[in-house]
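I opened this notebook to look up which charged and aromatic side chains sit together. My entries follow the order in which I looked things up.

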Amino acid sequence: MPKTIAEHPALADKFNQDEERVNWHDQTLWWVRAKRDKAAHTLPEWEELRNLASQIKHNVLANLSEYLIQFEENALKNGIQVHWAADAQEHNAIVKSILQKQGVSQLVKSKSMLTEECHLNEYLQQEGIEVIDTDLGERIVQLAEEPPSHIVLPCIHKKKEEIGELFHLHLGTPAGNADPDFLTAAARLHLREKFLTRKIAITGVNFAIAETGEFVVCTNEGNADMGAHLAEVHIACMGIEKLIPLRRHLGVFLRLLTRSATGQPITTYSSHFKKPRPGQEMHIVLVDNGRSRQLGRKDFRNSLKCIRCGACMNTCPVYRRSGGHSYHNAIAGPIGSILAPNLNMKDYADLPFASTLCGSCTNVCPVKIDIHDQLYKWRQVLVQEGYAPAAKKAAMQGMAFTFSHPAFYRMAGKTGKWFMKTTPFVINNNLNPWFKQRDMPEPPKESFHDWYKKNRQQNGHA
Amino acid sequence: MTIGLFIPCYVDQFYPKAAIATLELLEKQGLQVVYPFNQTCCGQPMANSGFAHLTQGCNNLFMQNFKDVDYIVSPSGSCVLHIKDHLHAENAADEPVAHHIRKRIYELTEFLTDILKIENLKARFPYKVGMHQSCHGQRGLKISQMSELVAEPFSKPEKLLRMVEDLELIELSRKDECCGFGGTFCVTEEAISAKMGKDRVKDHLEHGAEFITGADMSCLMHLEGILRRQKSKVQVKHIAEILNSYA
Ligand code: SF4
């Protein structure tokens, strides 16, 4: 799927042309957010858990290289083959080389945002290798030839009727049947055949434990387990930030992860993989792809604490009304808007501006990433690096001048006239976008400043 | 004790009534309030758009205007938050002034509850009122508890509104959802901003609000723009106007 290089406002505008769909998308995700709130409130120690998780991750990031080496040593001892990839290309090439050694051109893959980030599916497809996504949501977007729009709920933008139609086209279910149970059963049958006939399974990694060299994969469908247990070769792909130091830290994260993601107390399957079973090959690919660079950016380092629960997306009032695809990046929403410019400032300069900085994301984040503050900071960096539109820059310079010169401001202001032209707020534009769906405030007869002069001058303060 | 009144640019230009109510409320408490004439804007629109480097002129002016007062009070949570978080001096020698201002600036409702600790008001407003919690005041200044956190609820503006005779405060389905104003966001992301505003207005209308109030005039201006476009009779009023009225 080609990446759309389009700006968030334009894509969001498109999404908003169908207001009914926006309402439905917003309400569905709000419902998930409300479930999250309920689940969080069942634990009086919730905020303490968040603190703890944040601190554990802080330790990981401060000592990342040591933990990685420790993990590698232990994984090797366990009989896992360890690979290192500097970027997406290397990651994809490593996966391909394992497949080639096996002489295999088909595989199953459970959910992994890392492989989305590396565009593994497209790469393998070009190499003539067939990938079947086994997560139901991922499979649906794969059939639709679309990228996922959410990291936990990949096809949340699709209504069940659309899914029925897709299944009718690709899996031969009866036309017009949109019953979720029926469709799930049909998908199961279709996937079962793939599980049984594929020799290689790829999974993601939710947590990798330095102390033991094992890794944990969390799914609600058990599809990762099914794939990994039936395959002769299991390849696990992970970003290097997925490490945690000790096995006993796992409890903190497992308690936070699904409560934050879907409001469930625990993921249905949290599977530990420590060593290959006899006769099986197990590989792990440790991927950097910009993470070291982000680690070096002091203001944005904390973004690497992310455990990909998706809570920041569900709560984000902008995401809920603009849809995941408007972020044109594998990871959408608030956290994606911080991670994307690290990968490519030019292509993703729009994303840190796709926020009102309301701060709700920061409050739900189970590892306490200062998300909205980082969005603010990215804006400063992107402007300094020259990625601001020229019109905006000119308007800002005009504003900065006016507001630094009170006399000029008063004159220009003369009860709102200048304001009417240059605000709301700032973009000099004949087709004032404010006016499209909102009325302008009526300018009063006099400004407060003038009123004060008339009525309180006796105070003599000027 | 001298209070410096900070009236943000758009309140000065478009909503003098909110500013007058703020001034009168403070004066009723027997405080000496001064209004430095050379004030303009806190600089937030530039900073939030990524142009914080252009705000030094605003910062310098702000420091000149407010360096001598004991407290600075403003009817706009988001401007107060901007000053609190981002005001800084050009050189180290002036940093103590900047520090003093950052520590001593208050949004009106938090000033009334936390500093003056007022327990009653002589005000009456016999209407159904919806309270819009603006994000910067709420999540930034923490003037009320946030629905995402597992913690005891509180709300400084609501505490004040409950002191107003015959005022009926309505419940909302989404207590602290953002209205979508967001400074320049309201034009750069017009589609989303307007949709968020419409949804916010709807929540208030569905619960029977006759007035929408809040501690941040900018969000109210956005909601008012939508109400007017819909030809709604529902009005917005800054919380200072309600606390200062005797209807
Ligand atoms: S940033 Fe926080 S809330 Fe968002 S996906 Fe990551 S862990 Fe979850």
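I began with a charge and a ring: K57(A) lies over the face of F253(A), 5.8 Å from the ring centre, where "over" asks for NZ of Lys or CZ of Arg within 6 Å of the ring centre and within 35 degrees of the ring normal. I then found K122(B) over the face of Y246(B), at 4.7 Å from the ring centre.

I noted that this is a predicted model, in which local features need pLDDT of at least 70 and side-chain atom pairs count only at pLDDT 80 or more, while totals for chains, interfaces and linings use all residues. Residues are numbered from 1 along each chain as its sequence is written, chains are lettered from A and ligands numbered from 1 in the order in which they are written, and side-chain values use heavy atoms, with hydrogens and water left out.

Next I looked up salt bridges (a side-chain nitrogen of Lys or Arg within 4 Å of a carboxyl oxygen of Asp or Glu), and the count over all chains comes to 44. One of them joins E127(A) to K96(A), with the closest N and O atoms 3.0 Å apart. E127(A) lies in the loop between α7 (120-126) and β3 (130-133) of chain A and K96(A) in helix α5 (residues 88-102) of chain A, so this pair ties together parts that are 31 residues apart in sequence; helices (H or I, at least four residues) and strands (E, at least two) are DSSP runs, numbered from the N terminus.

Is each partner buried or exposed? I found E127(A) partly exposed at 38% relative accessibility and K96(A) buried at 18%, where buried means under 20% relative accessible area, exposed over 50%, and partly exposed in between (1.4 Å probe, protein chains only).

I also recorded the salt bridge of E193(A) with K194(A), at 3.5 Å between the closest N and O atoms. Here E193(A) is partly exposed at 40%, whereas K194(A) is buried at 13%.

Last came the aromatic pairs, 20 over all chains, which are rings of Phe, Tyr and Trp (its six-membered ring) with centres within 6.5 Å, stacked if the planes are under 30 degrees apart, edge-to-face if over 60 and tilted otherwise. The rings of Y71(B) and Y106(B) have centres 5.8 Å apart and planes at 65°, so I entered the pair as edge-to-face. Y71(B) belongs to strand β3 (residues 71-74) and Y106(B) to strand β4 (residues 105-107) of chain B, 35 residues apart, and both residues are buried.
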